[in-house]
Structures are given as structure tokens and as C-alpha cells.
Amino acid sequence: MCRLLLACAIAITIAMPIAARPADAAPAAKPARPAPPPPALRIGEINTYKALPGFSEDYRRGWTLALEQVNADGGVLGRKLEVRSRDDRGNPDDAVQAAQALVDKDGVVALFGGYSSEVGLALSRYADTAKVPYLAVAPLSQRLTWQDGNRYTFRLRPGAWMQAAAVAPKALGLRRLRWALVYQDTESDRATADAFKGLIRTFQSKTEFVDEIVVPATGKFDAMAAVAALSAARPEAIFNLLTGEQLAALVRAGTAAHLFDGMGVVAPFMGDPENLDLLDETLGAAIPDGWIITGYPRDAIDTPEGQAFAQAYRDRFGAAPGMAAVLGYSALRSISEALKRAGSPDREAVAAAFPRLQVPTPFGTIEYRNLDHQSTLGIYLGYTGHVDGRVTMDRFVYATGARLQPLDEQIRRLRAQTARAPGSSTAGDAAVQPANAPETQNGARATAVPSRPVARPDTGLTTRLRGARPGTAPPVHPVVQAPAGTDGPVKAAQPGVTIHAPMMGDWPDQVDPRGNAAH
């Protein structure tokens, strides 16, 4: 009996859980797998990496830093950004082939890059045909945004005319009538030299350009021969566009031959850190103070955005940034902001988002102009100086690109030439003048006067250029002659020689007496 009761109890205990569970209850479901992240938005990048490592390495680090920052903040449109990079070898045909592969095979939503104007113009034509946005980063030719401008091409760096307009007031302030020019045989340098000559002749009609030294872009540069030719031409001032090793070679040879004694020198780009560092290695204190230069005074910039960029770059790469890094960083940021504004990776939407687009950069917020697709990234201008025996960029100011522009009507006319005369030359680059350009001595104007009122007021560039002309300022002080018994003229940097540098009032922006730019 006891055994029977025990068996019943065991049977009931086993059956109770089974009875309590519904017959049709399903087993516990496995946890759902997270949805895969959306594919990255691909951006195509093309530049001259192997042939120009001095520029391209710093440039690549700049856009890499911006890319990492954008993706760390969640990317754009809920997706990470991915850059597909290609080397164009400095060849326009290679650049176009790379662009075609990036668009057709990789499906990039936009292109950016380009160092030379030759490459930039080829990529611009491809972008117009393929209907893909292209941001030209470093090319200077005005054809990109003027004669050959199109819906899909935009430019970040200040163009050739802007580069010339930035230094023209100070160049006129030197009161020199005999000029020589030194530049590379490239589209960018030729356009900048032509723009400079056009501006100087417009506001100083008696100017004579006594020599032009055109240096091959590749191959050996005979600096001694160039210096000998310049000495024979006897200029009063030199406009020099060389950079890197060619710049260093010219300055070394010219210093040894006393070419720069009492010479006025205007050297755009010399103030970039990479150029100053190279000159310091062999020349240092031998470079005279007072040369007019443009560049990137990295260590002296005290703006929050400038300091934040330089510190982030140092933290990431263990080195200080150069101007190429600023361009690379600003380019990637521009693409990112255009995608945000477009709200879609559609190429037409991205192209439509660029005009009037505002972008934060190490130089402050810039805007892409609706008129010609040129950004308002500006230029730092200053003089050569010395600190602890090292050559530096001294007494600098920042000129925003918005204030380095000719009349809107002139640009509209040049952009309209595309339909009438495709493939127009760069001759128009030099002919364009600032707003309200003055009449020459024979009563003619360098360019046609607009037939209707100007849509917006003069930026002030014309006033500064006009005010710098000879006859509108105190007379030039006499040159100090070499003391008796010496075998040559006294170098301008030596004690005892009074240097009358032009006043800073005709810089494009106000100047802090301590040398800081007023923004």
C-alpha cells in the first residue's frame, strides 16, 4: 500500500509542470542579430603623390584628420565617409582615367583634389561631362572658375587673380618701375604672373617688366644662370613664384651674387612653413627683412580654430601642419558639409548644395560663391623677419578671399565666354581689374565698364591699389650708398642702412600693432 501511494505521488509531481504548460507553447526565441551598418559614402580623391611628396604627404594627412573627425562624430546622413584615393602622376590623362574608375567602378558621390592647373582643368571638363561634383583643391588657373567654369566644378584655394591682388598694394607701395618675374612654366604660375602684371600696369602705367625667368617645372634648375640673367636686366624689384628647392636655390645664388642688395622682393608662398624651414637650413639670417610674402604663419596664429587644428594635427601625426594640410583638411570638410546640406548622396543634389555653402576651416568659416564657385578662403600676408636667427613671417594680417575679387559683372562676362568660345586662353586672367578700375593716361580703361550699376559696393581693393600708386604717397627716401673703401653696396639687412618699409595701412584688413590679424 505504501509503495502504491509513493508511486502515485511521484507520477503527480512529474505531470504537474507538463499540464501547466500550454500544448502549443513555442520554445524561447534566439536574440535578434543587430542590423548591419549602412554602407559608407564613398568620395574620390586624386592628387600627385609620388611626384610631389613634399606637398602630398602633408595634404593627405590633412584630409585624413578631417575624415576621422567626421566619422567619429557619426559620419554624414547616418553613414560613415570613405575616401578612395588615386595618384594622377601629374598627368591630366591619368587623372581623368582615375576619375572615371572612381565614378564608374567605385561609385563615388564626389571628387576632390588636383595640384596642377593642367590636371585641375582636365578633371573639371570630366566632371562637367560625367555630371559629378569636383572640388579643385590647389590649382590656381582662373579658367577653372571663370572662362571654363561649369555647374559641377568648385575651387578651394585662392585663385591666381586673388593671389596677385593680395600682394599688389604692397608691390605698388615699393615705388619700383623696373620689375623682373621668376616663375615655373606651369598654368598656375603663368596665370598668377599674368594677373600680377595686369594689376601693376593698370595702377602704375609706367611700369616696365625687364625680364621674365621661366623655370621648367621638372628637371634641373640652373639658379646661377637665372641670377646672372636677372643681374643683367637690372630690375628694381622681383616678383618670385618659386617654392621648395627651386626657391632655396635661387635665394642662395642671388645672395652670393648680391642680387638682393637694395632689391624689392615680392614672393607669394614663401611664408609657408615648409619653404621657411628649407631656407633656414642654409641661409637663415642672410635673408633680408622686409620682403613681401604670403603663407601660413602657423605658430603665431591665435584664433581658436587655427590653434585647434594645429594641435589636433600634432596629436594625430606627431608633427606640425603645413599649408597643404590646411587645404586637405578644408577640402574634406567642404565635401562633408555639402553632403549634409544636400541631405542626399545624389550627385546633382551635392552639386546644388555647394553654392553659398559655409564651411568651418582652420582659417575660419569660408563660403563658396554662387557667382563663380570660388571659395572665400583667404591669404595671410606679411614680411620676412627674424626671431632667434630664424627667418619668419612677420607683421602678418589675414585677407579674406571675399575682399580679393574683381567686379561681379566682369566674372559673369568671362563665364559666358564658355558658350561662345570654348577653350579660351588665360589672357582674360590678366585683363580683369578690380571694381571701378581707374582710367589710364590715354583715357582708356583696361576692361569695359559695366553698362549697368554695380550690384554690390566695391570691396575696397581698388581704393588700396589706387592709393599705392606713385604720386599719391610721400617721395621715396634716397638709397644709402656704400661707405668709402668698401667693394660693393651695403646689404639691406646690415646695420646702418635705413629701411623705409611701406606703412601697413594699405593691407586689406586692420592690423594689430603686435602683429596679429584683426578678423
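# A tour from helix H8 outward

In this predicted model, begin by selecting helices H8 and H9 together, where H8 passes H9 in a right-handed crossing. Two packed helices are described by the angle between their axes and the distance between the axes. Here the axes of H8 and H9 come within 9 Å and cross at roughly 40 degrees, which makes H8 oblique to H9, since an angle of that kind falls outside the ranges counted as roughly parallel, roughly antiparallel or roughly perpendicular. To see the residues at this meeting, show the side chains of Gly-244, Glu-245, Leu-247, Ala-248, Val-251 and Arg-252 in H8, which meet Asn-275, Leu-278, Leu-279 and Thr-282 in H9.

Next, keep H8 alone on the screen, residues 244-256. Its 13 residues should span 18 Å at 1.5 Å a residue, and because the end C-alpha atoms are 19 Å apart, the model agrees with that expectation. Colour the buried residues of the helix, among them Gln-246, Leu-250, Ala-253 and Thr-255, and then bring back what surrounds them: the buried residues of H8 pack against strands E6 (178-184), E7 (208-215), E8 (237-240) and E9 (264-271), and also against helices H7 (223-233) and H9 (273-282). Just past the helix, select His-258, which follows H8 and has a positive phi, near 60 degrees.

Now move to Gly-75, in the loop between helix H2 (53-72) and strand E2 (81-87). Is Gly-75 buried or exposed? With a relative accessible area of 16%, Gly-75 is buried, because the cut-off for that class is under 20%. Leaving aside residues up to four places away in sequence, Gly-75 touches Val-70 and Lys-80. A distance label drawn from Gly-75 to Ser-336 should read 8.5 Å between C-alpha atoms, although the two residues are 261 apart in sequence.

Then zoom out to the whole chain, which holds 15 helices and 14 strands and in which 52% of the 519 residues count as buried. Of the contacts between residues at least 6 apart in sequence, 71% join residues at least 24 apart.

Finally, colour the chain by pLDDT, whose mean is 82, with 74% of the residues reaching 70 or more. Two stretches to select are residues 421-431, where pLDDT stays under 50 and the model has 27 contacts beyond four places in sequence, and residues 435-459, where pLDDT also stays under 50 and the model has 41 such contacts. Where pLDDT is low, the predicted coordinates should not be read in detail.

Terms used: Residues are numbered from 1 along each chain as its sequence is written. This is a predicted model: local features need pLDDT of at least 70, side-chain atom pairs count only at pLDDT 80 or more; totals for chains, interfaces and linings use all residues. Side-chain values use heavy atoms; hydrogens and water are left out. Helices (H or I, at least four residues) and strands (E, at least two) are DSSP runs, numbered from the N terminus. Buried means under 20% relative accessible area, exposed over 50%, partly exposed in between (1.4 Å probe, protein chains only). Contact means heavy atoms within 4.5 Å. pLDDT is the predictor's confidence in each residue, from 0 to 100. The expected span of a helix is 1.5 Å times one less than its number of residues. Axes are lines fitted to C-alpha atoms, for helices over the stretch in contact, and angles run from 0 to 180 degrees between N-to-C directions. Angles under 35 degrees count as roughly parallel, over 145 as roughly antiparallel, 65 to 115 as roughly perpendicular and the rest as oblique. A crossing is left-handed if the near helix is turned anticlockwise from the far one by less than a right angle, and right-handed if clockwise.
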